[in-house]
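Please read the following report alongside the sequence and the coordinates. It takes up a residue pair, an aromatic side chain, a helix pair and the confidence of the model.

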Amino acid sequence: AGLRLIADAIAGDIEAITGIRPSVVNAEPDKGIMIVAGLVDEEIITKEGLNWEISASGDSFKSDDFERYQIQVKQDGAKTKIIIAGADKRGTIYGMFHITQDLCGVSPWIWWGDAKPAHQDVLVLDVAELETTSKRPSVNYRGFFLNDENPALDGFADSHFGGLNYMFYSHVFELMLRLKGNYL
């Protein structure tokens, strides 16, 4: 369910760039370009038969593969698959955001700072730029502190979401993941 939420955010990023929202589906289409994302040891990733430099680490801070991702591109007949494999769930999410943020120019502050990306009629990505393996984060806990004193944050949350509720925090957590954070 978490990856589905991020897939919807990525579709929103692509729509912000091109004006066209791609479909988020669980079934593989017969042709076209698709992004496949999951954990490196999940069937959706292992069935592609690619060699991965990372391994599943779970939530252990001792593993060198903690929060890492690898992206590979595979041509499969009429299909082009951009495959994102994460060592853990956050690694997969960071890999998904890597495509729209680092390669397409979408700011992590797209919602909070009204940082709209430049419009492009055609979205072109170089395969050499797409294929990457991330490094392990050098800091285990990365995040931010929300100063929830009145009237600043409470007033904003009240006017936009009806209070400090799940709708407010869904935007907070998305920003945190876009910034490759893991701690609030």
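## N182 and its surroundings

In this predicted model, N182 is found in the segment that follows α6. Its relative accessible area is 16%, and because buried means under 20%, N182 is classed as buried.

Once neighbours within four places in sequence are set aside, the residues in contact with N182 are F66, E67, R90, Y94, N140, Y141, R142 and M176. With one of these, E67, the contact is also polar, the side chain of N182 meeting the side chain of E67 at 3.1 Å.

## E67, the partner of N182

E67 belongs to the loop that runs between α2 (43-46) and β2 (69-76). With a relative accessibility of 2%, E67 counts as buried, and N182, at 16%, is buried as well.

Not counting residues up to four places away in sequence, E67 touches D88, R90, G91, Y94, S134, P137, R142 and N182. R90, Y94 and R142, which are among the residues touched by E67, also appear among the contacts of N182.

## F144 in the loop before α5

F144 sits in the loop between β4 (132-133) and α5 (152-161). Its relative accessibility of 25% makes F144 partly exposed.

Although F144 and Y183 are 39 residues apart along the chain, their C-alpha atoms are separated by 6.9 Å. Apart from neighbours within four places in sequence, F144 is in contact with V172, L175, M176, L179, Y183 and L184; of these, M176 is also listed among the contacts of N182.

## The pairing of α1 and α3

Helix α1 (residues 2-18) packs with helix α3 (residues 89-103) at an angle of about 5°, and their axes lie 10 Å apart. Because of that angle, α1 is roughly parallel to α3.

On the α1 side the contact is formed by G2, L3, I6, A7, A9, I10, D13 and I14, which meet K89, T92, I93, M96, F97 and T100 on the α3 side. Taken together, the residues of this contact comprise nine nonpolar, three polar and two charged.

## Confidence of the prediction

The chain has a mean pLDDT of 91, with 98% of its residues at 70 or more. Among the elements of the chain, the lowest mean pLDDT, 86, belongs to helix α4 (residues 127-130), whereas the highest, 95, belongs to helix α6 (residues 166-178). Where pLDDT is low, the predicted coordinates should not be read in detail.

Definitions and conventions: Residues are numbered from 1 along each chain as its sequence is written. This is a predicted model: local features need pLDDT of at least 70, side-chain atom pairs count only at pLDDT 80 or more; totals for chains, interfaces and linings use all residues. Side-chain values use heavy atoms; hydrogens and water are left out. Axes are lines fitted to C-alpha atoms, for helices over the stretch in contact, and angles run from 0 to 180 degrees between N-to-C directions. Helices (H or I, at least four residues) and strands (E, at least two) are DSSP runs, numbered from the N terminus. Angles under 35 degrees count as roughly parallel, over 145 as roughly antiparallel, 65 to 115 as roughly perpendicular and the rest as oblique. Contact means heavy atoms within 4.5 Å. Ala, Val, Leu, Ile, Met, Phe, Trp, Tyr, Cys and Pro count as nonpolar, Asp, Glu, Lys and Arg as charged, and the others, Gly among them, as polar. pLDDT is the predictor's confidence in each residue, from 0 to 100. Buried means under 20% relative accessible area, exposed over 50%, partly exposed in between (1.4 Å probe, protein chains only). A polar contact is a pair of N or O atoms within 3.5 Å; within protein, one must be able to donate a hydrogen and the other to accept it, and residues adjacent in sequence count only if both atoms are side-chain atoms.
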